[in-house]
Amino acid sequence: MLRTYIEKRERLLHGRDNNRRSLPFEWGTEHLGIRANGNPAMALRDFVSRALLDSSAFYAYEPAADYAFDGDVLKFHSAIETPYPENNTVWGKFFDAGKDLAMVVLPQWNCKWDGHVTLCRVLQRTGITALRLSLPYHHYRKPPHLERSEYLVSPNIGRTITAIRQAVLDARRAADWLFERGHRRVGILGTSVGSCVGFITFAHDERFSTGVFIHVSSLFADVVWNGLSTMHVRQSLETAVDLQQLRFLWSPISPYPFIKRLRGTDRRFLMLSGRYDPTFLPTLSQQAYDEFDRCQVPYKLSWLPCGHYTMGQFPFSALAGFQIVRFLKK
């Protein structure tokens, strides 16, 4: 009965947004700075192979030199320059709670400007500083011709790769700023696609001492292909590629290939999944957890009896918040 109720509730909450658009399929090699030479699929495969062989170089970045902070909002230039000027400035909302632990917070896809503010204030009240970042193409970073933040996850293969990579580098530059302010420890917290970005960041930057990942999956392509929230993206993708092709092309922006980087780590992280999640399917979450186990990477896992959208609603939001705070305070 609970599963039936949650699934019905998930469809209802998903249906509240009636302005989703199926953008046209594009290979998007120009967003990666590579030449297609008449064969964009081959050019992308070569690019992806190189990125996987040396992901440390793929996610390398130069520190920012232009932080602007007014006591509430932080702004700085992104490490990646895109064709959309608005998207090239990173915005973050700051919740100061002292110089010990600070969390870089990455919300879900298409969240509002006030998204995750309640969670950040809860962290602040418990003595944990939070810096909530806007993901690429969100809030003040959204080009004026977009109604939704569709460019972060879209049927443009290359632009999606660049957007996720940009979000990872933005998070690393945000950590630089927090360390410069004197915070002794910096962690990262991400939700949904923010969880994907957060985990890749965590796996490539050992300065992050802890992580919290809300909604976890193995492969970026499988979530987009099978998830409730991205049905409109799949409609365009499946006109040109199949899931196997897409799985490889988007593997550099998937958590799964980088789990093995955490072998031998003593950094602690928490993962929360919804038992009835129609967007990050539980089978994909379990695939990631099985890989953690195979690689003997220690982690703390909590399955909640909810879905994707319902994780953000009472009582599940309160339960998730309690577990997050308890974990971080330990």
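User: Before we start, when do two strands count as paired here?
Analyst: Two strands pair if DSSP finds at least two bridges between them. Please keep in mind that this is a predicted model.

User: OK, so how many bridges are there between strand 4 and strand 6?
Analyst: Strand 4, which covers residues 101-106, is joined to strand 6 by six bridges, and the two pair in the parallel sense. Within that pairing, Ala102 has Val186 of strand 6 as its bridge partner.

User: And which way does strand 7 run against strand 6, parallel or antiparallel?
Analyst: Strand 6 and strand 7 (residues 208-214) run parallel, with five bridges joining them. One of the residues involved is Leu189, whose bridge partner in strand 7 is Val212.

User: What do strand 6, helix 6 and strand 7 make together?
Analyst: Taken in that order, strand 6, helix 6 and strand 7 make a β-α-β unit that is right-handed.

User: How many residues of helix 6 are buried?
Analyst: For helix 6, 12 of the 12 residues are buried, so the helix is largely enclosed by the rest of the structure; among them are Cys196, Phe199 and His204. Strand 6 (residues 185-191) is mostly covered as well, since six of its seven residues are buried.

User: Different topic: where is Ser251, and is it buried or exposed?
Analyst: Ser251 lies in the loop between helix 9 (243-249) and strand 8 (268-274). Ser251 has a relative accessible area of 7%, and because buried means under 20%, Ser251 is buried.

User: Which residues is Ser251 in contact with, leaving aside neighbours within four places in sequence?
Analyst: Apart from those neighbours, Ser251 is in contact with Val48, Leu52, Pro257 and Phe258.

Methods:
Residues numbered from 1 in each chain as written. Predicted model: local features only at pLDDT ≥ 70, side-chain atom pairs only at ≥ 80, totals over all residues. Heavy atoms only, no water. Buried < 20%, exposed > 50% of the residue type's maximum accessible area, 1.4 Å probe, protein only. Helix = DSSP H or I, 4+ residues; strand = E, 2+ residues; numbered from the N terminus. Right-handed = clockwise from strand over helix to strand, strands pointing away. Contact = heavy atoms within 4.5 Å.
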